[in-house]
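Student: I should like to learn how to read a protein model step by step. May we go through one together?

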Amino acid sequence: MSTSGAAAGRVGILGTGSFLPQRTVGNQEIAASTGVTPEWIERKTGIVERRYAADDQAASDLAAEAGRRALENAGVRPTELAWIIVATSTPDQPQPPTAAVVQRLLGADRAAAFDVNAVCAGFVVALRAGICLTREDGPPGGRTLVIGSDVYSRVVDPSDRRTAPLFGDGAGAVVLGPVTEAGGFLGASVATDSQLLDLIGIEAGGSRQPPSSDTLARGGHYFRMRGREVRDYVTRELPRAVHDLLTDLSVPPEEIRHFVPHQANGAMLQDIWGHLGLPHAHLHMPVAQHGNTGAASIPLALDHAHRSGRLETGDLVVLAGFGGGMTMGTSLISWGTR
């Protein structure tokens with residue numbers, strides 16, 4: 001496990017943005033291909049609909065639009081960016097990094113760009129990297145765009161009732177930069193338990209199992225998840241991770257005002273919520289409208305909360321992501337976009 005507390009050179013979120021594709025896919029459509037009912041899907045997942053990317057949209061297209069909106073919200077020009085970090089496990093292609101495509105789409109020609117893949121925990125991992133890089137650059141530079149973007153509709157088996165009802169496509173972004181008066185990151189923690197790496201994954205298409213007619217025939221390019229074991233992991237480890245983060249930072253749980261988790265499964269999050277010990281926090285869970293969007297789900301939910309006016313300056317916000325690997329990541333923010 002790796003944990004960091006506050007450091008010199010406070011870094012905060014200057015703006016947020018998100019983007020969802022136009023096509024809406026309701027539970028009726030998913031039920032028809034998976035052999036379950038729409039009511040079963042909503043009861044098991046808390047999801048009513050999700051969005052699917054158009055045939056000509058890739059992860060970079062979604063990411064760039066979310067990035068544009070975050071930059072506009074922050075009042076930052078693309079040419080002011082020093083870094084672009086894209087968290088994704090559904091990149092445009094194996095090479096080059098999707099972040100480089102985003103750099104070109106945004107015209108951010110002064111920014112270095114790279115990808116992070118920690119599956120659904122990718123955004124919190126990328127966020128921590130962005131915080132460190134922004135602090136290192138320091139004022140007057142240090143503008144970093146961190147994006148989560150995934151297109152899971154391309155990798156889920158449409159007949160698999162364990163995964164198809166859960167996943168959708170989308171992107172969310174934040175702009176990081178130096179802050180002085182309010183806001184800033186207070187600490188973060190990331191841990192990986194590689195003994196559980198077989199719980200989630202796509203087995204084919206990499207260097208161990210290169211693409212072939214055999215891998216295609218047996219569905220090796222589809223995303224697979226052992227849902228019950230993943231749920232057991234999250235139920236066990238998420239309360240512990242939140243407790244340890246706050247303990248390490250000497251922050252009483254009663255002071256947390258907002259909890260923004262990875263939007264994995266609405267029913268699961270509701271079950272776990274009462275065990276987190278955050279009595280005065282609001283659970284942000286817009287999963288019903290867009291499903292599990294992988295690395296995009298936390299910044300999507302954060303942007304929704306920000307633009308709805310629910311986040312007030314000085315509010316303490318916990319972000320929590322978890323995904324294949326298995327990786328669990330948390331961050332504590334004192335909210336303030338300027």
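Student: Which residue is the bridge partner of I147 in strand 8?

Tutor: Please keep in mind that this is a predicted model. The bridge partner of I147 in strand 8 is A173. That pair belongs to a longer ladder: strand 7, residues 144–151, and strand 8, residues 169–178, are joined by eight bridges and run antiparallel.

Student: In what order do the strands of the open sheet lie?

Tutor: The order of a sheet is read across it, from one strand to its neighbour. Here five strands form an open sheet in the order 2-8-7-5-6, and their pairing is mixed. Strand 2 (11–19) and strand 6 are the edge strands, since each of them pairs on one side only. On average, neighbouring strands of this sheet are turned by 20° against each other, with direction ignored.

Student: Which strands does helix 3 lie across?

Tutor: Helix 3, residues 59–74, lies across strand 2, strand 7 and strand 8. Its direction makes an angle of about 130° with strand 2.

Student: How many bridges pair strand 3 with strand 4?

Tutor: Strand 3 (residues 23–26) pairs with strand 4 over four bridges, in the antiparallel sense. Within this pairing, V25 stands opposite R50 of strand 4.

Student: Which residues of strand 4 are on its covered face, and which on its uncovered one?

Tutor: A strand can be read by its two faces. In strand 4, residues 49–52, the covered face holds R50 and Y52, whereas E49 and R51 are on the uncovered face. R50, the residue opposite V25, is thus on the covered face.

Student: Let us turn to helices. Which residues of helix 2 are buried?

Tutor: For this step one needs the cut-off: a residue is buried when its relative accessible area is under 20%. In helix 2, residues 38–45, the buried residues are P38, W40, I41 and T45. They lie on the same side of helix 2, because they cover an arc of only 160° around the axis. The face turned away from that buried side carries the exposed residues E39 and R43.

Student: What covers the buried residues of helix 2?

Tutor: The cover includes helix 1 (27–34), strand 4 and helix 8 (266–273). At the other end of the reading, one may ask what comes after the helix: helix 2 is followed by G46, whose phi is positive, near 75°.

Student: How is K44 placed, and which residues is it in contact with?

Tutor: K44 is in helix 2, and with 41% relative accessibility it counts as partly exposed. If its neighbours within four places in sequence are left aside, K44 is in contact with N265 and A267. A separation in sequence can also be compared with one in space: K44 and V116 are 72 residues apart along the chain, and their C-alpha atoms are separated by 30 Å.

Student: At what angle do the axes of helix 1 and helix 2 cross?

Tutor: Two packed helices are described by the angle between their axes and by the distance between those axes. The axes of helix 1 and helix 2 cross at roughly 105° and come within 8 Å. The two helices are therefore roughly perpendicular to each other. Helix 1 makes the contact through N27, Q28, I30 and A31, and helix 2 through P38, I41 and E42. These contact residues divide into four nonpolar, two polar and one charged.

Student: Where are the cis peptide bonds that join Q95 to P96 and G325 to M326?

Tutor: A cis peptide bond is recognised by its omega angle. The bond joining Q95 and P96 is cis, with omega about -5°, and P96 lies in the loop between strand 5 (83–87) and helix 4 (98–106). The bond from G325 to M326 is also cis, with omega near -10°, and M326 is in the loop between strand 14 (316–323) and strand 15 (327–334).

Student: V119 has a positive phi; is this residue buried or exposed?

Tutor: V119 is buried, with a relative accessible area of 16%. Its phi is about 55°, although V119 is not a glycine, and its place is the loop between strand 6 (112–116) and helix 5 (122–137). S250 is another residue other than glycine with a positive phi, near 55°. S250 lies in the loop between helix 7 (227–248) and strand 12 (256–261) and, at 66% relative accessibility, counts as exposed.

How values were computed:
Residues numbered from 1 in each chain as written. Predicted model: local features only at pLDDT ≥ 70, side-chain atom pairs only at ≥ 80, totals over all residues. Heavy atoms only, no water. Buried < 20%, exposed > 50% of the residue type's maximum accessible area, 1.4 Å probe, protein only. Pairing = 2+ DSSP bridges. Arc of directions from axis to C-beta. Contact = heavy atoms within 4.5 Å. Axes fitted to C-alpha atoms, helices over the stretch in contact; angles between N-to-C directions. Parallel < 35°, antiparallel > 145°, perpendicular 65-115°, else oblique. Nonpolar A, V, L, I, M, F, W, Y, C, P; charged D, E, K, R; others polar.
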